[in-house]
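Student: I am new to this structure and would like to get to know it through a few questions. Could we go through it together?
Tutor: Gladly! Let us look at it first.

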Amino acid sequence: MASTDGPVTLLVVDDEEAIRNAVRKFLLHQGYEVSLAATGEEALAILQRQKITAILLDVNLPGTSGIELVPRILELEPAAAVLMLTAVNDATSAALCMQRGALDYLLKPIDLHHLDHALRRALDRRRAIIEGQQMSRWLKEEVAVRAAEHRHEQAVQERISVATLEALVNALEAKDPYLRGHSARVADLSASIAAHLGRPDEEVEAIRTAGRLHDIGKIGIREEILNKQGPLSDEEYEHVKQHVVVGSQILAPLVHLRDVITCVRNHHERWDGFGYPDRLAGEAIPLGARVIGAVEVFDALTTIRPYQEKMSPEEAVERMRDLVGTAIDPEVHQALEAVVSRRQALVFLDDAPW
Ligand SMILES: [Fe+2]
């Protein structure tokens, strides 16, 4: 886009030499720089090599007419002010040129005083158009910058809210030696399984967050039931089951965690549809919820609990085979097995004597 500053260079396009010279003389006297062209082709050639502020363009030119030239000129120099020069009987063509982007027209024979006035008005309009375009570009840039700042701010707030909730889960688990680190382990293994299943990074990270927060609803479960050694009564079990609903309710205001919340709510669904709270079955259960549900079983089997011996990861995977197709998604079990055996291979390498 042309600047509004700098010398004002005019291009006079007319096939009559006498008119070109008379207009040129007058414009030079007014302090403008002036170039001349006798045909449309000459005018376009000048525009390609020279910065032009305004053009006085004859409607009737040999070859390419003024009407055809207007859009081609504005394509080469979008900020140029185009004024048409036209015969008295050809005002319709001049109006057509204005539809195509010319700013004004002058009748021949040209009244020089009128030309001066029209030229100044056209240059003022051109300046206003350029300033308007600059303003709208500046506004667009400003809006983009503000939007980026807002998104950044929002992302920071979102991370803080998740970190606060994670701290809450850690505090909850720290009270119970059997649960300490449970959610962090579930998050880590669930994310590895999701990645192994080829899920996109964003979904893997949502599943990791869901793993960290999946049991946050236990905050709403009575402590004597949470800490109870031995089997739960039916009423107590129903109360514990509420933790998935309570968890999703706690997280509900955090709209950016929408996918995380469904995983939290549905991590106790079963592949055969006999889980809770929504009795979803098969692939109707969000993948993250299926993964977290399976990993939660795995974590329970591989950590010390008051009522059972701790199993090795391979033993746990093997034991869980009984649940495949009933409680656990077969594909998730396969992925768990692959991730666990890869991890065990790495542990084996770490422990190797060489
Ligand atoms: Fe749970």
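Student: Is Glu149 buried, partly exposed or exposed?
Tutor: Please keep in mind that this is a predicted model. Buried would need under 20% relative accessible area, and exposed over 50%. Glu149 has 46% relative accessibility, so Glu149 is partly exposed.

Student: Which residue does the side chain of Glu149 meet in a salt bridge, and in which helix are the two?
Tutor: The salt bridge spans 3.9 Å, N to O, and the partner of Glu149 is Arg146. An α-helix has 3.6 residues a turn, so residues three or four places apart point the same way. Arg146 and Glu149 are three residues apart, and therefore separated by about one helical turn, in helix α5 (residues 112–174).

Student: How far apart in sequence are the parts that Glu235 and Arg222 tie together?
Tutor: The side chains of Glu235 and Arg222 form a salt bridge at 3.4 Å, N to O. Glu235 belongs to helix α9 (residues 234–241), while Arg222 is in the loop between α7 (201–213) and α8 (223–226), so the parts tied together are 13 residues apart.

Student: Are Glu235 and Arg222 buried or partly exposed?
Tutor: The relative accessibility of Glu235 is 49%, so Glu235 counts as partly exposed. For Arg222 the relative accessible area is 35%, so Arg222 is also partly exposed.

Student: In the salt bridge between Lys228 and Glu236, which residue is buried?
Tutor: These two side chains meet at 2.7 Å, N to O. Lys228 has a relative accessible area of 34%, so Lys228 is partly exposed. At 15% relative accessibility, the buried residue is Glu236.

Student: Which residues are joined into one network by salt bridges that share partners?
Tutor: The structure holds 24 salt bridges. Those that share partners join into one network Asp14, Asp58 and Lys108.

Student: What covers the buried residues of α9?
Tutor: The buried residues in α9 are Glu236, His239, Val240 and Lys241. Their cover includes α8 and α10 (243–251).

Student: Which residues coordinate the iron ion?
Tutor: The donor atoms sit at 2.2 to 2.4 Å, one of them an OD atom from an Asp and the others NE2 atoms of His residues. Along the sequence, the donor residues follow the spacing D-x27-H-x23-H-H. They are Asp215, His243, His267 and His268.

Student: What kind of arrangement do the four donor atoms make around the iron ion?
Tutor: For four donors to count as tetrahedral, all angles must lie between 85 and 135 degrees. Here the angles run from 85 to 173°, which makes the arrangement irregular.

Student: Which of the neighbouring donors His267 and His268 is buried, and which is partly exposed?
Tutor: His268 has a relative accessible area of 24%, so His268 is partly exposed. At 2% relative accessibility, the buried one is His267.

Student: With which side chain does the side chain of Glu296 make a polar contact?
Tutor: Glu296 lies in helix α12 (residues 287–302) and is buried, with a relative accessible area of 11%. Leaving aside neighbours within four places in sequence, Glu296 is in contact with His182, Val186, His214, Asp215, His267 and His268. The polar contact, at 2.7 Å, is with the side chain of His214.

Student: Where is Asp329, and which residues is Asp329 in contact with?
Tutor: Asp329 sits in the loop between α13 (313–320) and α14 (330–351). Its relative accessibility is 5%, so Asp329 counts as buried. Setting aside neighbours within four places in sequence, its contacts are Trp271 and Arg290.

Student: Which helix supplies the largest share of the largest nonpolar core?
Tutor: In soluble globular proteins, nonpolar side chains tend to be buried together. This core has 34 residues, and among those that touch the most other members are Leu189, Phe298 and Leu336. Helices that each supply at least two residues include α5, α6 (182–196), α7 and α11 (258–266). The largest share, seven residues, comes from α12.

Student: How many residues are in the other core that lies apart from it?
Tutor: Members of that other core include Ile46, Ile73, Val82 and Ala102. The number of residues in this core is 22.

Methods
Residues are numbered from 1 along each chain as its sequence is written. This is a predicted model: local features need pLDDT of at least 70, side-chain atom pairs count only at pLDDT 80 or more; totals for chains, interfaces and linings use all residues. Side-chain values use heavy atoms; hydrogens and water are left out. Donors are N, O and S atoms within 2.8 Å of the metal (3.2 Å for Na, K and Ca); water is not among the atoms, so sites may look incomplete. Four donors count as tetrahedral if all angles lie between 85 and 135 degrees; four count as square planar and six as octahedral if opposite donors are over 155 degrees apart and all others between 65 and 115; anything else is irregular. Buried means under 20% relative accessible area, exposed over 50%, partly exposed in between (1.4 Å probe, protein chains only). Helices (H or I, at least four residues) and strands (E, at least two) are DSSP runs, numbered from the N terminus. Contact means heavy atoms within 4.5 Å. A salt bridge is a side-chain nitrogen of Lys or Arg within 4 Å of a carboxyl oxygen of Asp or Glu. A polar contact is a pair of N or O atoms within 3.5 Å; within protein, one must be able to donate a hydrogen and the other to accept it, and residues adjacent in sequence count only if both atoms are side-chain atoms. A nonpolar core is a set of buried Ala, Val, Leu, Ile, Met, Phe, Trp, Tyr and Cys residues joined through side-chain atoms within 4.5 Å.
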